[in-house]
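Let us take a walk through this protein together, from its helices to its empty spaces. Keep the viewer open as you read.

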Amino acid sequence: MFYQLRLATFADQARLEALIALSARTLSASDYTPEQIEGALRGTFGVDTQLIADGTYFVAESGGEILGCGGWSRRRTLFGGDAGTGRDCTELDPRTEPAKIRAFFVDPTYARRGIGRALLERCEADARAHGFSRAELMATLPGVRLYRSLGYTARSPVHHEMAPGLTIELVPMHKSISGR
């Protein structure tokens, strides 16, 4: 399967939102209830335009179609789209803090074909080039399988509240990306 990785642009935003919704509704269906998925799509899942502005959000594209997306951040916010709460745009110190792996979604038609892996490897390489030696992320339950296979270690799951009485289980994960 041929695809190329490129930086996401603001012009991609509507297509990215559609991809994220399709990916979440399809690939998360065996791990989360429909209410949890829809709740997550209102803030927990979504495009973070700060990543696009920072030049740290990538898409996998083939024939003009976006097959997947994912990014990394040098800012404190660990997860969540633009509608998410508790965002912190403060820059991290790469000497002492981990880069944040963010917002990975793949079109279900192209799932399990190496797109997530390619995006993650690109993000880790970029973060390493910016001086980071560690990365951390907040994984969805279906995402845990991918990240674990690529060397990430899970911590205890957390229950993120999206609305009163509505939570979603997420798994904090971390990895050394120092290349040593």
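**Helix 5 and its surroundings**

The buried residues of helix 5 pack against five elements: helix 1, strand 4, helix 4, strand 5 and strand 8, which spans residues 166-176. Before going further, please keep in mind that this is a predicted model. The buried residues in question are Leu141, Pro142, Gly143, Val144 and Tyr147. After helix 5 comes Gly151, with a positive phi near 95 degrees.

Helix 5 also takes us to the open space in the model. The largest pocket holds about 760 Å³ of space. It is lined by 37 residues, and those closest to its centre are Phe104, Pro142, Gly143, Leu146 and Tyr147. Which elements give two or more residues to this lining? They are helix 1 (13-27), strand 4 (99-106), helix 4 (115-129), strand 5 (134-139) and helix 5 (141-149). Sorted by class, the pocket lining comprises 20 nonpolar, 11 polar and six charged residues.

From the pocket we can turn to the nonpolar interior. The largest nonpolar core counts 50 residues, and Leu16, Tyr57, Ile101 and Tyr152 have the most contacts inside it. Tyr57 is a good place to stop and look around. Setting aside neighbours within four places in sequence, Tyr57 is in contact with Arg6, Leu7, Ala8, Leu16, Ile20, Leu51, Ile52, Cys69, Gly70, Gly71, Arg102 and Ala103. Leu16, another of the core residues with the most contacts, is thus among the partners of Tyr57.

Cys69, also on that list of partners, belongs to strand 3. Is Cys69 buried or exposed? Its relative accessibility is 0%, so Cys69 counts as buried; the cut-off for that label is under 20%. Beyond its neighbours within four places in sequence, Cys69 is in contact with Leu16, Leu19, Ile20, Tyr57, Phe58, Val59, Ala103, Phe104, Phe105 and Leu119. Among these, Leu119 is 50 residues away along the chain, and yet the C-alpha atoms of Cys69 and Leu119 are separated by 7.1 Å.

Ala103, a contact of Cys69 and of Tyr57, deserves a look at its backbone. Ala103 sits in strand 4 and has a positive phi of about 55 degrees, although it is not a glycine. Arg112 is another non-glycine residue with a positive phi, here about 60 degrees. Its place is the loop between strand 4 and helix 4. With a relative accessible area of 74%, Arg112 is exposed, because that label applies over 50%.

Let us go back to strand 3, which covers residues 65-73, and find Ser73 there. Ser73 counts as buried because its relative accessibility is 2%. What does the side chain of Ser73 reach? It comes to 2.9 Å from the backbone nitrogen of Arg75. Farther along the sequence than four places, the contacts of Ser73 are Leu51, Thr56, Leu92, Ala99, Lys100 and Arg102.

Ser73 and Arg75 also share a role in lining an enclosed space. Rolling a probe the size of a water molecule over the atoms shows where empty space is left. How many cavities of 30 Å³ or more does the structure hold? There is one, and about 40 Å³ of space lies in the largest cavity. Its lining is made up of Asp48, Gln50, Leu51, Ser73, Arg75, Thr77, Arg87, Asp88, Cys89 and Arg102. By class, two of these residues are nonpolar, three are polar and five are charged.

Our last stop is helix 2, residues 34-41, where Gln36 is found. Gln36 is buried because its relative accessible area is 16%, and the cut-off is under 20%. Not counting neighbours within four places in sequence, Gln36 is in contact with Met162, Leu166, Thr167 and Ile168. Ile37 lies in helix 2 as well, and its relative accessible area of 4% makes it buried. Ile37 touches Ala24, Arg25, Ser28, Ala29 and Tyr32, once residues up to four places away in sequence are left out. Between Ile37 and Ala24 there are 6.6 Å from C-alpha to C-alpha, and the two are 13 residues apart in sequence.

Methods. Residues numbered from 1 in each chain as written. Predicted model: local features only at pLDDT ≥ 70, side-chain atom pairs only at ≥ 80, totals over all residues. Heavy atoms only, no water. Helix = DSSP H or I, 4+ residues; strand = E, 2+ residues; numbered from the N terminus. Buried < 20%, exposed > 50% of the residue type's maximum accessible area, 1.4 Å probe, protein only. Polar contact = N/O pair within 3.5 Å; in protein donor to acceptor, adjacent residues only side chain to side chain. Contact = heavy atoms within 4.5 Å. 1 Å grid on protein atoms, 1.4 Å probe; cavity = no way out; pocket = protein on both sides within 12 Å on 5 of 7 lines; lining within 4 Å. Points joined across faces, edges and corners; volume = space filled by probe spheres on them. Nonpolar A, V, L, I, M, F, W, Y, C, P; charged D, E, K, R; others polar. Core = buried A, V, L, I, M, F, W, Y, C linked by side-chain atoms within 4.5 Å.
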